[in-house]
Amino acid sequence: MNGAAASVLSGTSGRREEAASTAAFPKPRFEDLSSYEAIVKYRRIGQAVGIKTPFFNVHETRSGATAQIDGKTFINFASYDYLGLNQAPDVGEAAKEAIDAYGTSVSASRIVAGERPFHNALEKDLADFYGAEDAIVMVSGHATNVTTISELMNSNDLIICDELMHNSALVGSAASGATVKSFRHNNLDALERILREHRGHHTRALIVVEGLYSMDGDFPDLARLVALKEHYGAWLMVDEAHGLGVVGKTGRGVAEHFDIDPSRVDIWMGTLSKTLGACGGYIAGSAVLVEILKYKAPGFVYSVGMSPPVAAAARTALRKLIDEPERVTKLQANGQLFMKEAQAAGLDTGTSAGLAVVPVMVGDSLKAVKLTERLHERGVIALPIIYPAVPLKAARLRFFITSEHTHEQLRETVRITKEELSKLSRDVLGAAARKVISMF
C-alpha cells in the first residue's frame, strides 16, 4: 500500500472513530427486540423440560401423505397438498415445459417486463372458476391480502374482520389506515351489531372472512354474510386459501356449499399453495377491481411477476381439480373419517367441519408441544399451534388431511394420538418444569 492510500484510509478510520465516540445514542441491538426475547424464553423452557423444537424439520423428499426426515418415513399431517396435486406427474411436467419455453423467472414486475401468455391464461381460468369478470395472480398469498386490502381501503373507511382472520388480512387492514373492528368467530349477530352502529360513519365498509378457517377447520354462513353486506352497503371479501378444492361438492368453495352465485361476493381471494401445488395468491372479482390492483397495488406493481413453472403448475392443477372431482370426494371422505374416529376416541376436534383441517384441542401449550414430540417418536408428524397464534388456553395439534391419506393411516394416527395424549398431563412435565415456567 502506498503512502497516499494509507493516509486516506487512516483519515477515514479516524473520522469513524470520532463519530462513534460522539454518538448521541447507543447502537441498537437485535438481541434487545421483544420478539427475540420471546424466542429465547420459549427455547429455555423447552430446554428445561427436555423438549426439542418441532419446527423447521428438513423434509428430504417430496412431502405428501408421507414425509421423510432423517431417513425415516412418517405419516405426514403438516403439509397441505389437499388433493395430492403436488404429486401429480402432469403438474410437474407442465412446470418443466414452462421452464423450457420461458425460463425460470420473468425477471421483473409485469407492468415493467410485460406479460407472458401463462399469466393471462391462469388468470382467465381463475376468473372462470369463480364466475368473475377477471382475476389477478401475485407471487405471495400473504402479500395478496396485505396489498389488496391496504390499496382499496383508507382512513375514511371501515373494515370488519372475523377475529380468527389470517395474519395477512389483519396486516393489510392495519396498513390501510381504516377503522378496524373484529367480531367473535362466526358470530354474525355480532357482525350485524357492528354494521348497525358504525356503518353510517364511514365512506366504505369491507367485511373480511375465510371460506375455511385454517386453525379451526370450520366455515361461515355465507348466505347470511351476503345478505348483511347487501343490506348495509358493504363489500364482502372471502379468503378461500383453504377452501379452494376442499369446500363444496366439487371443491369450488363456500359459495358452492351454500349454492350461492359467486358473483354476489365482491372479492374472492385465495392461494395457489394449499391445493394447486404451486405458490402465490390471487384475487378474482370485477374487471374494475382487477384493473385497480394491476396499476395501483404495491404488492403487484413493485413485485416480480409469477414465474413460469409456478404459473404453469397452478394452471394444470386447477384443470385437474375441475376434471377430477373424485379427488375432492376422496378428500372429504377422509376428513370425515378422521374426525369421526377422533371424536369416537374422545379427542376434542373443536368446531371443525371435518374437511381438510381438523384440530385436536389440547389446551396447554407445553402439553401440545410434548404431544407433537411423542407423535414424532411414533412416526406421525402433526405440528402444535400455540399462543399467540391461538388464545392462551386453546393450544392444539393441527392435522391437515389429504385425499392421499389411506384409511389405515388415518385410523392409526387417531389411535396413537389418543394413546399419547392419555399419558400426558401437567404432572408428566414434572414439578421442575412447572418451576421453570413460573420464572417467565
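**Notebook: pockets and charged pairs**

I began with the second largest pocket, which 31 residues line, with His166, Asn167, Glu210, Ser214 and Met215 lying nearest its centre. I note that the model is a predicted one. For the volume of the second largest pocket I obtained about 490 Å³. I then looked up which elements give two or more residues to the lining of this second pocket, and found helix 6 (141-152), helix 7 (167-176) and strand 8 (267-271). Helix 6 gives the most, with three residues. Sorted by class, the lining of the second largest pocket holds 13 nonpolar, twelve polar and six charged residues.

I turned next to the largest pocket, whose volume is about 1,100 Å³. I found 31 residues in its lining, and Tyr42, Arg43, Val369, Ile386 and Tyr387 are those nearest the centre. Two or more lining residues come from each of helix 2 (34-48), helix 15 (365-377), strand 12 (384-385) and helix 17 (426-438). Which element gives the most to this lining? I recorded helix 2, with nine residues. By class, I listed 19 nonpolar, six polar and six charged residues for the largest pocket.

I then examined a charged residue, Glu240, placed in the loop between strand 7 (235-239) and helix 10 (254-258). Glu240 is buried and has no salt bridge; Arg252, the nearest side chain of opposite charge, is 10 Å away. I did find that the Glu240 side chain reaches the backbone nitrogen of Val254 at 3.2 Å.

My search of the whole structure for salt bridges gave 25. I looked at three of them, as follows.

I noted that Asp32 and Arg29 join their side chains in a salt bridge at 3.1 Å, N to O. Asp32 is partly exposed, at 44% relative accessibility, and Arg29 is also partly exposed, at 46%.

A further salt bridge links Lys294 and Glu115 at 4.0 Å, N to O. Lys294 belongs to helix 11 (residues 287-296) and Glu115 to the loop between helix 4 (110-113) and helix 5 (117-130), so this pair ties together parts 179 residues apart in sequence. I found Glu115 partly exposed, with a relative accessible area of 37%.

The closest N and O atoms of Arg378 and Glu420 are 2.9 Å apart in their salt bridge. Because Arg378 lies in the loop between helix 15 and strand 11 (380-381) and Glu420 in helix 16 (residues 407-423), the pair ties together parts 42 residues apart in sequence. Is Glu420 buried or exposed? I recorded Glu420 as buried, at 5% relative accessible area, whereas Arg378 is partly exposed at 31%. Lastly, I traced one network of salt bridges with shared partners, joining Arg374, Arg378, Arg415, Glu419, Glu420 and Lys423.

Note on methods. Residues numbered from 1 in each chain as written. Predicted model: local features only at pLDDT ≥ 70, side-chain atom pairs only at ≥ 80, totals over all residues. Heavy atoms only, no water. 1 Å grid on protein atoms, 1.4 Å probe; cavity = no way out; pocket = protein on both sides within 12 Å on 5 of 7 lines; lining within 4 Å. Points joined across faces, edges and corners; volume = space filled by probe spheres on them. Helix = DSSP H or I, 4+ residues; strand = E, 2+ residues; numbered from the N terminus. Nonpolar A, V, L, I, M, F, W, Y, C, P; charged D, E, K, R; others polar. Buried < 20%, exposed > 50% of the residue type's maximum accessible area, 1.4 Å probe, protein only. Lys, Arg positive; Asp, Glu negative; His and termini not counted. Polar contact = N/O pair within 3.5 Å; in protein donor to acceptor, adjacent residues only side chain to side chain.
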